[in-house]
Structure formats: C-alpha cells, structure tokens
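Visitor: I should like to go through this model step by step, asking at each point what justifies the terms applied. Shall we begin?

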Amino acid sequence: MATASVHQQILDGNIHKKIPLSTYESNLEPTLQNLESLLPKTSSEKLPKFDPMIHLQYYSNELASHKYNNTRRITMKELGLENPNLQISPIGVSDPFPLFTEEAVTIMKKELLTKDIFMENARYCFNSTSGLDCCLRGYVKTIDGKVNCPFIYEAWTNPKTMELISKMAGVDLEIIMNYEIGHVNISIKSNDQANEEIIKYERLMIDDKKRKNSGDDIPAVVGWHYDSYPFVCVLMLSDTTKMIGGETSLRMGTTKGENQVAIIPSPQLGSASVLQGRLIEHIAPTPLGLSERMTMVTSFRAKNPSLKDSSILNTVKPEINFGSRYNEFYSQWINYRCELIKQKMDLINNKVKTGDSFNKDDITNDLKDVEDYVKKTYEEMMISKEEMAKMFQKK
Ligand SMILES: [Fe+2]
C-alpha cells in the first residue's frame, strides 16, 4: 500500500480497521439482546444511573467488602523491582478484588455494545492473531465534553470508585485522560471453537501427566511487555466459569533469581486487579474455553503532580494502536500533559512565594524535571524506524 494512503488512514482515525456491520450483527447484537433480559424492567427505556452504594460490591455486599480488605498485594520490593526514582507506590500488583456488581457490568456492556457506539469506536486489535479480536477506545467521553456512556463514565470517575482503586494501589490515583477510561478488549469465538479448545486442552493434560497446569502451553495475546501508563486497573466483564488459563505472569527482578515469575489469577466477572504496569514486565496468556471474553482497562497516574509521571505512548499511539483515533487521541494527550505541566509549575512557584531562603539548586532541579517532562511530551509522539516498519507491515 502506498505510503500516503497509510498516513491518510491513520489521520482519518484508522477507519480502515473498523468492524464490518455484518460482524456486529452476527456476533455482538445477540449478546446485546441477551443483556436486555438480565436488566430489571423499568417503565422508561433509560438505563439505571450509577450508584456507588448499589453498584460497587464493596458497599452492596458485606462479604465482598471483607474480600476487598483481605486482597493479597505484592510490593515492588517483594517482586525485586523496587525503584524509588520511578515507582509511584510501594505496591506492585494486587490479586483480583470485587469491584463492580453483576448488574453494573451488564449495564456497562449494554452501553458499549450499543450499535452506534460500537460501530463508531471499535477497531480490530493491533496485536490480534486470529478471529474477532477488537478494542474500543476513547468512546466514553469526547474532548468537547460529550458523555456517550454515562454509566461507564460515572462508574470509573465516582470518588468512591477512585478511593477503592487508589487504596488498593497504595497511592492516590488520577485517570490519565478521558480517552483511557474503560478501554475494552473483546475476543469472540464460536461456542464450537471454545468447546474444542477445552477438549484439546484436557487431552493435552491427560497425554502428559507431568505437565503442570501452569498455562505454559497457552498462547499469549501479547508477548512480554510493559504498559504505557504508570498504573492500570483491569476489570473482567465476562463470565469466567468455564475459562482455562488467563492468569497474568509478572517478571520478577534479577535479585529474585533468573526467570522467576509471580502469577496473578484472572479476575472473575466484576472483579479487577491493579498493576504498576509501566515498571513491571508482564504477559497475559489467551485464556481458553470462552466464546466471549471482554475486559475493561482504565489507566492512571499519581494524583500528586510532584510524583513521577513516566507515561509513554508505545502501545497506545494512533500509528500503532488502531483503537486510537489520531485527532482526538493526540489532542487529549496534549491537554493532559499541559494541565500537569501547569500544576508542576504552580508547585515551583509556590515554593518561592514567601521570598525567603531561596534554594537555587532545588529550584533548578525542579525546572529541569519540568523541562524533561515537556520534552517527553513531544518525543513520545515521534515515530521510530521500527514503528514505521510495523505500520507498513500491518496495512
Ligand atoms: Fe499490559
């Protein structure tokens, strides 16, 4: 394909990677219709509003709040990855914890699978290998303030939700930008395909009794990688009762010995886990036995502007990730970076407000940090030779 047209397609919002209407009608519309029957009947057509006391498991179910409070968390130190200069929390990762109720998940799925929302925003997954792997990004709230999915927006931004996620992460968090609210990954297989996978896997286990159920033979969606943003919260939107595999493996630091990995179980419907994914290399194998697998990911940075924001654009820039629409994505990136630069400058300004005991070295270091941050903001939008090659491979 000619260079010019590849660039044009990216500028147009990767529209050449949209999902065909026929695929939506055959694979996703039936799911949407099933969801209708799961929701309480109301007199109006409107979906219920998000209510933290009803839709957060922590507040609506005592057992869930107990589970939340007793969730295992692994520190950066325990992972052998402690990095005082870059880490924003001593916590590296959490096990899955109960977050949203089943009804909340149903409403979220109903919002995102609505025909207009899906057709406008869904794109084939940039790292998809087979079948229908797609993602929806930047669909919840647009740059001009229009909220397309009010329930999903409120569910992630409500102070009570933010409090639960921040507490689990060990640091007060802030959503990176609206584009990163509720990124959805959808993988669809036929029931026959899903059942075949289970049978094949069971045979494999019988054939090799020595083989441990470690998920080692399960192919991974994405290879070992770091995330682009400091913290992620990954929520499961599918029923995982029949699922095999799907755990996340984390590479531990070399001080913990070669090839040591920590395993985090896959969340069940409505549960989520948090991960300091910018600093922890990880891999999530493709789980088997599910006809539909949907996860929702929201990305965060530290709320405190004096803490390090090491965000990069490796896996999310529009030239690489089809789900990122050029104009909207980069505009939001610049909005968020400029806002944070302003906050960082305010902090410096406030330090010298009183006019006494001026510390030249300290202020110089602060200004250099801001300079690096500004530089990173435009450098991250640049495309490397390798990325350029990838862009053309995939078209
Ligand atoms: Fe990741």
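Guide: Let us begin with a term needed for the sheets: two strands pair if DSSP finds at least two bridges between them. The model under discussion is a predicted one.

Visitor: What makes E10 and E11 a pair?

Guide: Strand E10 (residues 248-251) and strand E11 (residues 261-264) are joined by four bridges in the antiparallel sense. The criterion is at least two bridges, so the two strands count as paired. Within this pairing, Ser249 has Ile263 in E11 as its bridge partner.

Visitor: Why is E10 also called a partner of E13?

Guide: Two bridges join E10 to strand E13 (residues 282-285), and the two run antiparallel. With at least two bridges required, E10 and E13 therefore pair. Leu250 of E10 stands opposite His282 in E13.

Visitor: How do you know which side chains of E10 are buried?

Guide: A residue is called buried if 20 or more other C-beta atoms lie within 10 Å of its own. Thr248 and Leu250, which point to one face of E10, are buried, while Ser249 and Arg251 point to the other face and are not. In a regular strand the side chains alternate between the two faces of the sheet.

Visitor: Why is strand E12 described as largely enclosed by the rest of the structure?

Guide: Five of the five residues of E12 (residues 271-275) are buried, so the description applies. Ser271, Ser273 and Leu275 point one way and Ala272 and Val274 the other way, and all are buried.

Visitor: Which strands are joined to E12 by bridges?

Guide: Strand E3 (residues 97-98) is joined to E12 by two bridges, in an antiparallel run. There, Phe97 has Ala272 as its bridge partner in E12. E9 is joined to E12 by four bridges, and these strands also run antiparallel. Opposite Ser273 in E12 stands Val234.

Visitor: What makes E14 largely enclosed?

Guide: Ten of the eleven residues of strand E14 (residues 292-302) are buried, so E14 is largely enclosed by the rest of the structure. Among the strands that pair with E14 is strand E9 (residues 231-236), antiparallel over six bridges. In that pairing, Cys233 has Thr298 as its partner in E14. Strand E7 (residues 183-188) is likewise joined to E14 by six bridges and runs antiparallel to E14, with Ile188 opposite Glu292. Strand E6 (residues 173-175) pairs with E14 over three bridges in the antiparallel sense, and Leu173 stands opposite Ala302.

Visitor: Turning to the helices, why are H6 and H8 called oblique?

Guide: The axes of helix H6 (residues 102-113) and helix H8 (residues 150-157) come within 8 Å and cross at roughly 130°. Roughly perpendicular covers 65 to 115 degrees and roughly antiparallel requires over 145. The crossing angle falls in neither class, and H6 and H8 are therefore oblique to each other. H6 contributes Ala104, Ile107, Met108, Glu111 and Leu112 to the contact, and H8 contributes Phe151, Ile152 and Ala155. These residues comprise seven nonpolar, no polar and one charged.

Visitor: What makes H11 roughly antiparallel to H12?

Guide: Helix H11 (residues 326-351) and helix H12 (residues 360-379) pack at about 175°, their axes being 11 Å apart. An angle over 145 degrees counts as roughly antiparallel, so the term holds for H11 and H12. On the H11 side the contact is made by Arg337, Ile341, Lys344, Met345, Ile348 and Lys351, which meet Ile363, Asp366, Leu367, Val370, Tyr373, Val374 and Thr377 in H12. By class, this contact has eight nonpolar, one polar and four charged residues.

Visitor: Why is Gly145 called exposed?

Guide: Gly145 has 7 other C-beta atoms within 10 Å. Exposed means 12 or fewer, so Gly145 qualifies. Gly145 is found in the loop between strand E5 (132-136) and H8. Its C-alpha lies 9.4 Å from that of Asn178, although the two are 33 residues apart in sequence.

Visitor: How much confidence does the predictor attach to the chain?

Guide: The mean pLDDT of the protein chain is 89, and 87% of its residues reach 70 or more. Over residues 210-216, pLDDT stays under 50. Where pLDDT is low, the predicted coordinates should not be read in detail.

Note on methods: Residues numbered from 1 in each chain as written. Predicted model: local features only at pLDDT ≥ 70, side-chain atom pairs only at ≥ 80, totals over all residues. Axes fitted to C-alpha atoms, helices over the stretch in contact; angles between N-to-C directions. Parallel < 35°, antiparallel > 145°, perpendicular 65-115°, else oblique. Contact = placed C-beta atoms within 7 Å. Nonpolar A, V, L, I, M, F, W, Y, C, P; charged D, E, K, R; others polar. pLDDT = per-residue confidence, 0-100.
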